[in-house]
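Thank you for sending the coordinates; I have set out my remarks as numbered points. They are meant to be read with the structure open.

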Amino acid sequence: MNIKDLVQSQKNFFSKQHTKDISFRKNALKKLQKEIIRREDDIINALHNDFKKSEYEAVMTETSIVLTELKMAIKNIHSWSKPKRVLPSLLNFPSSAKIYKEPYGTVLIIAPWNYPYQLAFAPLLGAIAAGNTVVLKPSELTPHVSKLTKEIIEAVFDKDHIAVVEGGVDTAQELLAQRWDYIFFTGSVPVGKIVAKAAAEHITPVTLELGGKSPCIVDETANIKLAAKRLVWGKLINGGQTCIAPDYLLIHKSVKDKFTTHFKEELIKAYGENPQISDDYPRIVNTKNFDRLALMLTNENFIVGGQTDRDDRYIAPTIINEPSLDSEVMKGEIFGPIFPLISYDNEEDIANILARYDKPLALYVFTTRASFAKKIIGTYSFGGGTINDTTVHFANHRLPFGGVGESGIGGYHGKQTFETFSHNKGVVTRGNWLDIPTRYAPYKGKLKQLKSLMKFG
Ligand code: NAD
C-alpha cells in the first residue's frame, strides 16, 4: 500500500469510532505489551547489532522504560480518558462544564536512531492510549531496530490502526506531505524545522523533541569526586549519543585539576584502560557521524582520550582542554563522547557562554550551595535538568520531558504522553429551566448588570 492510501485507510478506520472505546485501546496496549515482552531478547540484540549497545544499557534506557510506561498507561487509561468536570461559570448559569479527552485522529510519529526503540515506542503507546491511529517511521540509521519495530507492530495491529513505514529522508518527506491530525517528531533541530514547516501547511499540531547544547556547570563547592563519577556515566552512556547528555562542561577554575583527576579515575573504573575493548562502551552510529565527531578533535588539546578508529566507529571518551568558543566542538550539539572543558572565574563568565546558544534541552549544575542552584535554575531557560547529577530527570515519569525554544515544543512521559495525544474539548451543558435575559438585545439599561455579572467570571 502506498503512503497516501495508508493514511486514507487509517482515516477511514478512525472515523468508524472503534478507537474511541477505552476497552479497545486497553486491549491494544495489552497485546502490544505481550508481544514486546516476547521479543525482548530480539530488541536487545537489534540494539547491539546497530551500534554495539550493551544489554545492560538496552534494558536500563530502552526496554524497561517502555514497559513501565506501558504498564502505567494500561493501569490508568480509564481514569485518564474520563471527561473531567470543571466548575461552571456564573455567566452561563445554569450550566455544567466538562473537558473531554478527544483523540486527534491519525498521527505521524517520526523517531530518531539514538534510542531507537524507546523513542519510537514511548510516544506510540501514548498515541494508542489516547485513541489515535498511528503511522510510525523509525530511523533508517538503526536498520535492525527499524525492521524489528515493523515486525512487532505487524504482529499485533492491523495497518489501518497502527502501521510502520520504514525508510529514510525521502520516505519521511513523503509522509510529511500528507495531512495529519498530529505529528510527533524526535530528532535534530534542522529537521525539526522541516517538520514544523510541513505541519504549518495544514495547521497540524506538533510535538518537537529536539536537541541542543546542554551545559553542565560545576562550581567550587561541588562534591567533585561524585560529580566526576556521575558525569562519566551521564556523558558516556549510549556513547554520548544522548539528546540530554551534558554537552560541555563549565567548571570553576579552582576545582578543575581535582575534577580531571577524578574523572580519569572514574573513567578507568567504568571502562578500563582501553574503552575500545570494553563490552559496555557503544560505537558511533555510522561513519558520517564518526567523521563529524572526528573533525571536532583536530587541533585540540586533550586531558583524556582523543583516540579514534574509523573502521570500528570508535571514539575514545575525550575531554578537550579549554577549546576556543569558536572551535568546531563549541559550534553545535556534539552528540558523542567528547567533553569540552572550559573553566570559569565568576558567574558573569557562565552567563556570557550560555548566551551564545539557544535554549538547551537540558542543564546540569553541580553545587552544594542551594542558593547557586536556585539562581541558575531561575535565571536560564532550558527544557529540564538535574541538580547534582545528569540526565536522571528523564527517569521520573511524573516530570514532563521536552524542550523549549529551539530544543523543542511540548512534552511527554507518563500521563503527559496521553495528554499530548489528546485534544482537550471543553463543553458546556446549559440548563433550560432558567434563561437570564441580560445578554440578549436590546442592551439598553443592562450594562451595569452585565458588568456586575462579569466580575464573577
Ligand atoms: P535526525 O533529525 O537526523 O533524524 C530524525 C528522523 O528524521 C529520522 O527518522 C530521519 O529519517 C528523519 N529525517 C532526517 N532528515 C530528514 C529530512 N530532511 N526531512 C524529513 N525527515 C528527515 O536526528 P537523528 O540523527 O536521528 O537524532 C539525533 C538528534 O535527535 C539530536 O539532535 C538529538 O539531540 C535529537 N534527539 C532529541 C531527543 C529528545 O527527546 N528531545 C531524543 C533523541 C534525540
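The points below go from the nonpolar cores to the sheet pairings and then to some buried loop residues.

1. Since this is a predicted model, each remark here describes the model as computed. The largest nonpolar core has 81 residues, and the residues with the most contacts inside this core are Phe 121 and Phe 263. At least three of the core residues come from each of domain 1 (3-210 + 407-424) and domain 2 (215-402), domain bounds that rest on an automatic or database assignment. Another core, of 26 residues, lies apart from the 81-residue one, and includes Met 296, Val 329, Val 365 and Phe 382.

2. It is worth looking at the surroundings of Phe 121. Once the neighbours within four places in sequence are left aside, Phe 121 is in contact with Leu 32, Ile 36 and Val 66, and also with Thr 149, Ile 152 and Ile 153. As general background, nonpolar side chains in soluble globular proteins tend to be buried together.

3. An open sheet of three strands follows the order β1-β2-β18, and its pairing is antiparallel. Because β1 (84-86) and β18 (422-430) stand at the edges with a single partner strand each, one side of each has no neighbour in the sheet. Direction ignored, neighbouring strands of this sheet are turned by 30° against each other on average. Strand β2, residues 95-103, is joined to β18 in the antiparallel sense over nine bridges, and Pro 103 is found opposite Ser 422 in β18.

4. A parallel pairing can be set beside this one: strand β6 (residues 182-186) is joined to β7 by four bridges, and the two run parallel. Within that pair, Thr 186 stands opposite Glu 209 of β7. Strand β7 (residues 206-209) is covered on both faces, with Val 206 and Leu 208 buried on one side and Thr 207 and Glu 209 buried on the other.

5. The loop between β4 (133-137) and α6 (143-156) holds Ser 139, and Thr 142 has its place in that loop between β4 and α6 as well. Ser 139 has a relative accessible area of 6% and is therefore buried, while Thr 142, at 1% relative accessibility, counts as buried too. A polar atom of the Ser 139 side chain lies 3.0 Å from the backbone nitrogen of Leu 141. Neighbours within four places in sequence aside, Ser 139 is in contact with Ala 111, Pro 112, Trp 113 and Ser 146, whereas Thr 142 is in contact with Asp 50, Phe 51, Trp 113, Pro 116 and Val 285; Trp 113 thus appears in both sets of contacts.

6. Which residues does Asn 286 touch, beyond those up to four places away in sequence? They are Leu 141 and Arg 313. Asn 286 lies in the loop between α10 (256-271) and α11 (287-296), and its separation from Leu 141 is 145 residues in sequence but 7.5 Å in space, C-alpha to C-alpha. The side chain of Asn 286 also reaches the backbone nitrogen of Asn 289 at 2.9 Å. With a relative accessibility of 18%, Asn 286 counts as buried, because buried means under 20% relative accessible area.

Definitions and conventions: Residues are numbered from 1 along each chain as its sequence is written. This is a predicted model: local features need pLDDT of at least 70, side-chain atom pairs count only at pLDDT 80 or more; totals for chains, interfaces and linings use all residues. Side-chain values use heavy atoms; hydrogens and water are left out. A nonpolar core is a set of buried Ala, Val, Leu, Ile, Met, Phe, Trp, Tyr and Cys residues joined through side-chain atoms within 4.5 Å. Buried means under 20% relative accessible area, exposed over 50%, partly exposed in between (1.4 Å probe, protein chains only). Contact means heavy atoms within 4.5 Å. Two strands pair if DSSP finds at least two bridges between them. Axes are lines fitted to C-alpha atoms, for helices over the stretch in contact, and angles run from 0 to 180 degrees between N-to-C directions. A polar contact is a pair of N or O atoms within 3.5 Å; within protein, one must be able to donate a hydrogen and the other to accept it, and residues adjacent in sequence count only if both atoms are side-chain atoms.
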